[in-house]
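Q: I have a structure open and would like to learn how to read its features. Can we start with charged pairs and then move to the overall fold?

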Amino acid sequence: SLEKVTLGENVQDLQVDCFANTKIKSIHLGLNVNSVSGAFKDCKTLESITVEAGHTLFITDGNALYQKTTFYVDNSEKDGLILEYYLPSKAQGNLTLKSEVGAIGGYAFYGCKDIKEVVAKELEYVDSFAFANSSITKFTANGSYYVFDSAFKNCKNLQSINLENVDYIDMSAFENCTSLKNVTFSKNVSDIGELAFANTGLTEVEIYGDDCYIRESAFKGCKNLKSVRLEKGVYYVGMNAFLYCPELKTIYLSKTVESFGENA
């Protein structure tokens, strides 16, 4: 039933879940606040976040909260923004993110039920649980970026995703995306994490890679999966990687595949 919060001037860290599932409608961040990732998870009634004038780290545009940062791209520095939190009441339909957004922070769109498509420019990473439990149907981004753990977990409406620019896919990144049927992988992907695509709707998988590791249970429980091609650059297939894939009929293995875990 918590509806109102007043932060003291000395508050510095708002850690994951600290106001989760409350009914707060607004909050003001003082000059000393330096951490908010995941603090407002499932705050469905939160309508505004304001920031003290002159804050060196955070800014807001009325729709979302951003953290100012410096990205290091191709041995050069570039000022940009991390999208820390998008207000649920504003996360509706199709969104094109600010061109300055170089990363999507943890829990930024967590549980947003009215979001459809999101388009980003040059990204460095999509952080943990960024879109988890949301209604997103399509995600598009440029740049070589990472997808961290559980970033899209339980996104039941996500149908396809292009990962041609993604070199690292962390554990449970797309786990339980039951409508996900089509994925295009990067030819430089180096790691597909534990349970990364478990229980998805994939019908075929084709993976090249750069000494690529397919981790434990990465495609476990993909009940519609019919064919797998592990092409040049795939090195290791982990334990239970394709366990409980009853429709799997065809597997092609490149000569670069050198090692298999138990029950691969």
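**Reading salt bridges and overall shape**

A: In this predicted model, D191 and R215 join their side chains in a salt bridge, with 2.7 Å from N to O.

Q: Which parts of the chain does the pair of D191 and R215 tie together?
A: D191 belongs to strand β15 (residues 191-192), while R215 sits in the loop between β17 (212-214) and β18 (227-230), so the salt bridge ties together parts 24 residues apart in sequence.

Q: Is D191 buried or exposed?
A: Residues under 20% relative accessible area count as buried. D191 has 12% relative accessibility and therefore counts as buried. Its partner R215, with a relative accessible area of 32%, is partly exposed.

Q: What is the general idea behind such pairs?
A: Side chains of opposite charge can pair when their charged atoms come close. In this structure, a search of the whole model finds six salt bridges.

Q: Where does the salt bridge between K98 and D61 sit in the chain?
A: K98 is in the loop between β6 (93-96) and β7 (101-104), and D61 is in the loop between β3 (58-60) and β4 (64-73). The pair links distant parts of the chain, 37 residues apart. The closest N and O atoms of K98 and D61 are 3.5 Å apart. K98 is partly exposed at a relative accessible area of 32%, and D61 is partly exposed at 34%.

Q: How should I read the pair of E231 and R229?
A: The side chains of E231 and R229 meet in a salt bridge of 2.8 Å, N to O. E231 is buried, with a relative accessible area of 10%, whereas R229 is partly exposed at 36%.

Q: Which residues make the nonpolar surface patch?
A: I251, L253 and F260 make a nonpolar patch of about 290 Å² on the surface. Within this patch, F260 lies in strand β21 (residues 259-260) and is partly exposed, at 45% relative accessibility.

Q: How many helices and strands are there in the protein?
A: The protein has zero helices and 21 strands. Its radius of gyration is 20 Å, close to the 18 Å given by the globule rule for 264 residues, so the protein is as compact as a globular protein of that length. The C-alpha trace spans about 60 × 45 × 30 Å along its principal axes.

Q: What share of the residues counts as buried?
A: Of the 264 residues, 47% count as buried. The accessible surface comes to about 12,800 Å², and 42% of this surface belongs to carbon and sulfur atoms.

Technical notes: Residues are numbered from 1 along each chain as its sequence is written. This is a predicted model: local features need pLDDT of at least 70, side-chain atom pairs count only at pLDDT 80 or more; totals for chains, interfaces and linings use all residues. Side-chain values use heavy atoms; hydrogens and water are left out. Patches are made of residues with over 30% relative accessible area and no salt bridge: like charges are joined within 9 Å, nonpolar side chains (Val, Leu, Ile, Met, Phe, Trp, Tyr) within 5 Å. Accessible areas come from the Shrake-Rupley method with a 1.4 Å probe; for residues, only the protein chains shown count as cover. A salt bridge is a side-chain nitrogen of Lys or Arg within 4 Å of a carboxyl oxygen of Asp or Glu. Helices (H or I, at least four residues) and strands (E, at least two) are DSSP runs, numbered from the N terminus. Buried means under 20% relative accessible area, exposed over 50%, partly exposed in between (1.4 Å probe, protein chains only). The radius of gyration is taken over C-alpha atoms; the globule rule is 2.2 Å times the number of residues to the power 0.38.
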